[in-house]
Amino acid sequence: MSSSGKPFAVAIMGPTASGKTAAALSVASRIPSEIVSVDSALVYRGMDVGTAKPSSEELAAVPHHLIDILDPAEAYSAMQFRQDAIRLVGEIAARGRLPLLVGGTMLYFKVLRDGLDALPEADPEVRARLDDEAARIGVPGLHARLAGIDPDTAARLKPNDSQRIQRALEIHELTGTPMSQLIAKAHKPELPFDVLFLSLEPSNRAVLHARIADRFDAMLAGGALLDEVRRLRARGDLDLGMPSMRCVGYRQAWEYLDGAFDLAALREKGIAATRQLAKRQLTWLRSMPDRHVIDCLSPDAPGHVFRLAREGLPAQAFAPKTS
């Protein structure tokens with residue numbers, strides 16, 4: 001328990017290829033721990049290569065949770081993650097171990113911290129009308145209409161962000177209130193545990209980009225990623241509209257197998273998409289003033305994560321291993 005009387009957990013966050021797994025294993029090797037994956041791709045069975053899933057040895061070394069829990073045909077929401085993570089943290093702490101929340105799906109971290117905004121569910125009729133309107137006046141036209149209704153939301157959305165623009169207009173039609181006002185009024189639920197947020201971030205973005213390229217090349221080596229996607233395609237019940245197949249790397253490999261481009265273009269597109277993912281992850285992380293930043297390029301980054309985790313532990317909460 002922390003000084004507040006709540007269970008205590010450590011979050012290890014960072015962009016793709018920042019070394020989160022190595023850092024978590026460093027902590028777990030010296031403090032009795034269990035890992036809760038915060039990754040929207042690792043939940044899927046049979047998706048191992050393209051997700052850089054921890055190896056069988058790594059999974060055996062420390063108890064892991066929320067990995068391989070779903071078939072790729074299924075969906076998993078951020079709210080489901082929040083409910084599962086809260087339950088698991090309580091169970092792990094009750095076993096006398098340190099819960100480690102490890103991953104790079106920033107939406108999951110956001111929903112865990114802040115909950116979900118109390119917004120209305122999608123309405124098929126309103127969606128259909130907005131689709132028709134977008135076909136007539138274009139997405140920039142919808143964005144201009146949104147600016148007249150909800151300038152705060154319009155200001156933070158790009159004029160071609162069709163999905164979010166239509167969602168904001170839909171919410172206004174259903175509630176009569178701008179989405180920005182509804183979000184501002186939303187109640188932020190209190191977490192039933194305390195969290196130390198540690199963030200692995202690069203001091204040199206170019207070096208992280210090189211890591212990303214090396215990792216994607218390793219996935220392509222020997223046809224491993226393509227063989228994995230071929231097996232998924234052969235099932236016959238998956239398509240590019242599903243969350244699992246929209247994961248970075250899988251979409252590009254699927255399109256390559258459709259004949260959309262050659263192998264060189266697959267490599268280029270896969271690396272570019274992964275870099276964009278890392279950029280989005282870093283943007284979100286830098287909006288968190290309460291995070292502790294560790295240079296993921298430092299040779300001692302895992303050790304630094306361990307030391308911060310140990311220092312953050314409530315007195316007598318967990319006994320570090322002496323061996």
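This report describes the domains, sheet, cores and annotated loop of a predicted model.

## Basis of the model

The structure is a predicted model, in which local features need pLDDT of at least 70, side-chain atom pairs count only at pLDDT 80 or more, and totals for chains, interfaces and linings use all residues. Residues are numbered from 1 along each chain as its sequence is written, and side-chain values use heavy atoms, with hydrogens and water left out.

## Domains

The domain assignment splits the protein chain into domain 1 (8–115 + 188–312) and domain 2 (124–185). Such bounds come from an automatic or database domain assignment. Between the C-alpha centres of domain 1 and domain 2 the distance is 31 Å.

## The sheet

Helices (H or I, at least four residues) and strands (E, at least two) are DSSP runs, numbered from the N terminus. Two strands pair if DSSP finds at least two bridges between them. Six strands form an open sheet with parallel pairing, in the order S3-S2-S4-S1-S5-S6. Strand S3 (64–65) and S6 stand at the edges; each has a single partner strand, so one side of each is left without a neighbour in the sheet. Strands of a sheet pair through backbone hydrogen bonds, either parallel or antiparallel.

The pairings can be followed strand by strand. Strand S2 (residues 33–37) runs parallel to S3, and 2 bridges join them; the bridge partner of Val36 in S3 is His65. S1 and S5 are parallel over 6 bridges, and Ala11 has Phe197 as its bridge partner in S5. S5 also pairs in the parallel sense with strand S6 (residues 292–295), over 4 bridges, where Ser199 has Val293 as its bridge partner. Strand S5 (residues 194–201) is mostly covered, with 6 of its 8 residues buried. Buried means under 20% relative accessible area, exposed over 50%, and partly exposed in between (1.4 Å probe, protein chains only).

## Nonpolar cores

A nonpolar core is a set of buried Ala, Val, Leu, Ile, Met, Phe, Trp, Tyr and Cys residues joined through side-chain atoms within 4.5 Å. In soluble globular proteins, nonpolar side chains tend to be buried together. The largest core here has 54 residues, of which Met13, Phe81, Leu101, Phe109, Leu225 and Tyr250 touch the most other members. Elements that each supply at least two residues of this core include S1, helix H3 (78–94), helix H4 (106–114) and helix H13 (263–285). H13 gives the most, with 7 residues.

A second, separate core has 26 residues, among them Ile31, Leu200, Leu297 and Ala301. As for Phe81 of the largest core, leaving aside neighbours within four places in sequence, Phe81 is in contact (heavy atoms within 4.5 Å) with Ser37, Val38, Leu66, Tyr76, Tyr108 and Leu112.

## The annotated loop

An unreviewed UniProt entry carries the annotation "binding site" for Gly14, Pro15, Thr16, Ala17, Ser18, Gly19, Lys20 and Thr21. UniProt positions are given in the numbering used here, feature names are shortened, and annotations may be inferred rather than shown by experiment. Thr16 is in the loop between strand S1 (8–13) and helix H1 (20–28). Gly14 is in the loop between S1 and H1, as are Ser18 and Gly19.

Gly14 counts as buried because its relative accessibility is 0%. Thr16 is buried at 13% and Ser18 at 2%, whereas Gly19 is partly exposed at 32%. Not counting residues up to four places away in sequence, Ser18 touches Leu200, Leu208, Arg211 and Cys296. With neighbours within four places in sequence left aside, Gly19 is in contact with Leu200 and Arg211, and the contacts of Gly14 include Lys20, Leu200 and Gln281. On the same basis, the contacts of Thr16 include Leu208, Arg215 and Gln281. A polar atom of the Ser18 side chain lies 2.6 Å from the backbone oxygen of Pro15. A polar contact is a pair of N or O atoms within 3.5 Å; within protein, one must be able to donate a hydrogen and the other to accept it, and residues adjacent in sequence count only if both atoms are side-chain atoms.

## Thr51

Thr51 is in the loop between S2 and helix H2 (56–61). With a relative accessible area of 12%, Thr51 is buried. The Thr51 side chain reaches the backbone oxygen of Met47 at 2.7 Å. Not counting residues up to four places away in sequence, Thr51 touches Ala41, Leu42 and Tyr250.
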